[in-house]
Amino acid sequence: MGWLFYTDGRVKNYADEKAEIARLCTSHGDTRKTELVKACKVGSTWYAAGRVTNLDGTAVEDVTYVTDPDGSITFGAVFLTRYDDGCWGYKDMEESAGPVESRAPLSLLALLSDLKDPDSYAHAWRQRCWDWAAIPDYAEGDKIRLAAPVTLTDGSTCQIVTATHYRRGRQKRRCYRIEETGGLVRLSKASLEGSELLSSAKGEASPVLAEFLAGQK
């Protein structure tokens, strides 16, 4: 399915988006109903869990999902979203379609029904979400080794870094001090996948940043 944009201006903010995701995940047919269980927005992508139940109370039979004890099944869905000239649009995919975006929170994944096929697209998507969630959120002063050297814009590389921060106005932004040069670099969360904690030095202040700034004087 391609992108669908709303030109009537009904979706303008976060609350409107969430309400529209809930509407899209809700349906009542002659024999079944689908309702939103949980929706989370990560970046510009919405992740949703939808529960399907039979109106007559019998168990839902499905080729992809194992029926839950209450007779329902709960599936995962991904909604890519963006604004174009003020118009909100979305592109939706069920998890079994193998969506690329895979940063669904663990709290949402925990709601989904078990899968029958461990080699399915849905299982691979969930594994990517679990892998993303497993990337550490390092604390101030933590010294880490990246899984592989990262190439910087000047062509140099770094692999051992220490978590620190810098301030821009009132904002505190995470960065890392390069072990080899003492320079500072911003790293994406993806670049931290598979990294290893070498030592931990928690603290409110940033000794590595203070050392770096002192060296610039």
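Trainee: Which backbone nitrogen does the side chain of Ser-113 reach?
Mentor: This is a predicted model. Ser-113 is found in the loop between helix H2 (106-109) and helix H3 (121-133). Its contacts beyond four places in sequence include Ser-72, Ile-73 and Thr-74. At 2.6 Å, the side chain of Ser-113 reaches the backbone nitrogen of Thr-74.

Trainee: Is Ser-113 buried or exposed?
Mentor: Buried means under 20% relative accessible area. The relative accessible area of Ser-113 is 1%, so Ser-113 is buried.
That loop residue also touches Arg-126, among others. The verdict for Ser-113: buried.

Trainee: How many disulfides does the structure hold?
Mentor: A disulfide needs two cysteine sulfur atoms within 2.5 Å. For Cys-158, the nearest cysteine sulfur is that of Cys-175, 12 Å away, and Cys-158 is in no disulfide. Across the structure, the number of disulfides is zero.

Trainee: Is Cys-87 buried or exposed?
Mentor: The cut-off for buried is under 20% relative accessible area. Cys-87 has 19%, so Cys-87 counts as buried.

Trainee: What kind of aromatic pair do Phe-79 and Tyr-90 form?
Mentor: Phe-79 lies in strand S5 (residues 73-84) and Tyr-90 in strand S6 (residues 87-94). Both residues are buried. Their ring centres are 6.1 Å apart, with 55° between the planes. Planes under 30 degrees apart count as stacked and over 60 as edge-to-face, so this pair is neither; the pair is tilted.

Trainee: Which residue has its charged end over the ring of Tyr-6?
Mentor: Ring pairs link Tyr-6 into a cluster with Phe-79, Trp-88 and Tyr-90. The charged end over the Tyr-6 ring is 4.2 Å from its centre and belongs to Arg-10.

Definitions and conventions: Residues are numbered from 1 along each chain as its sequence is written. This is a predicted model: local features need pLDDT of at least 70, side-chain atom pairs count only at pLDDT 80 or more; totals for chains, interfaces and linings use all residues. Side-chain values use heavy atoms; hydrogens and water are left out. Buried means under 20% relative accessible area, exposed over 50%, partly exposed in between (1.4 Å probe, protein chains only). Helices (H or I, at least four residues) and strands (E, at least two) are DSSP runs, numbered from the N terminus. A polar contact is a pair of N or O atoms within 3.5 Å; within protein, one must be able to donate a hydrogen and the other to accept it, and residues adjacent in sequence count only if both atoms are side-chain atoms. Contact means heavy atoms within 4.5 Å. Rings of Phe, Tyr and Trp (its six-membered ring) pair if their centres lie within 6.5 Å; planes under 30 degrees apart count as stacked, over 60 as edge-to-face and the rest as tilted. A charge sits over a ring if NZ of Lys or CZ of Arg is within 6 Å of the ring centre and within 35 degrees of the ring normal.
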